[in-house]
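Trainee: Could you walk me through how the ligand is held here? I'd like to know where the words come from.

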Amino acid sequence: MKMLLFIIGLTFLFSYQDEYAGLRDQMVETQIEARGVKNKNVLEAMKKVPRHLFVPVQSQSAAYQDRPLSIGQGQTISQPYIVAYMTEAINPEPEDVVLEIGTGSGYQAAILAEIVKKVYTLEIIPELGITAKERLKILGYKNIEAKVSDGYYGWREFGPFDAIIVTAAAEQIPEPLIKQLNEGGRMIIPIGPAFDIQKLVLVTVKNGEPKIKKLFPVRFVPFTRD
Ligand code: SAH
């Protein structure tokens, strides 16, 4: 009898986890691979990280849909495709040290942490920064350092970085962030007016000079200042 209950319990647990794993695989296939993201490590990370645990309980069933979701404080977790696209755009390598500005839910940081050696992430809203830090700890991410502060200044103590991802839209590229990129470093950032259409911009540093490439239109929450 005990054995039977144990087996029923296990079956329940696996089918429960599978429900989300299935949705995640489907999300990667139909929203991400179908739109041209090819980086194997990015696709694997998107299949692995439990996105439903990064959104409010009442939106968990919507976590794998093709859209951003509210995470409170007027902020959003980006659409899965945008997270995958931005991660691929900075060409993350296993030995890289990456800075993220705009921790939000911690989801993008977790995706990065599956791929690179170390992730530093900054969030300006204390409630979000503290919750995300706690969540990432519970999920067992040991290679993420999270702090509440204005990301405009980057995190000099741990820079320069191999790559920087900014997940809030700024009017201009913050100068201190460019300075915290290594030679060969990559930064992706939405640039443009708040509460309007912005452009994703990729900055790469070659021979000490930042080169700027405009990618496609996006809509992000604004980059704010203390
Ligand atoms: N990357 C997040 C998405 C967060 S939305 C995720 O995966 O869930 C963007 C976040 O940037 C918001 O939480 C917002 O508060 C934060 N933000 C805006 N301006 C900032 C700044 N100057 N420094 C740090 N974080 C900032």
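Mentor: Sure, start with a term: a polar contact is a pair of N or O atoms within 3.5 Å; within protein, one must be able to donate a hydrogen and the other to accept it, and residues adjacent in sequence count only if both atoms are side-chain atoms. This is a predicted model, where local features need pLDDT of at least 70, side-chain atom pairs count only at pLDDT 80 or more, and totals for chains, interfaces and linings use all residues. Numbering runs from 1 along each chain as its sequence is written, and side-chain values use heavy atoms, without hydrogens and water.

Trainee: What makes D150 a polar contact of the ligand?

Mentor: An N or O atom in the D150 side chain is 2.9 Å from a nitrogen atom of the ligand, and the cut-off is 3.5 Å, so the pair counts. E100 has a side-chain N or O atom 2.8 Å from a ligand nitrogen, while Q108 uses a backbone N or O atom, 3.0 Å from a ligand oxygen.

Trainee: How much of the ligand does the protein cover?

Mentor: On its own the ligand has 580 Å² of accessible area, and the protein covers 99% of that (Shrake-Rupley method, 1.4 Å probe).

Trainee: Why are 12 residues of the shell called polar?

Mentor: Ala, Val, Leu, Ile, Met, Phe, Trp, Tyr, Cys and Pro count as nonpolar, Asp, Glu, Lys and Arg as charged, so the others, Gly among them, are polar. The shell also has 11 nonpolar and 3 charged residues.
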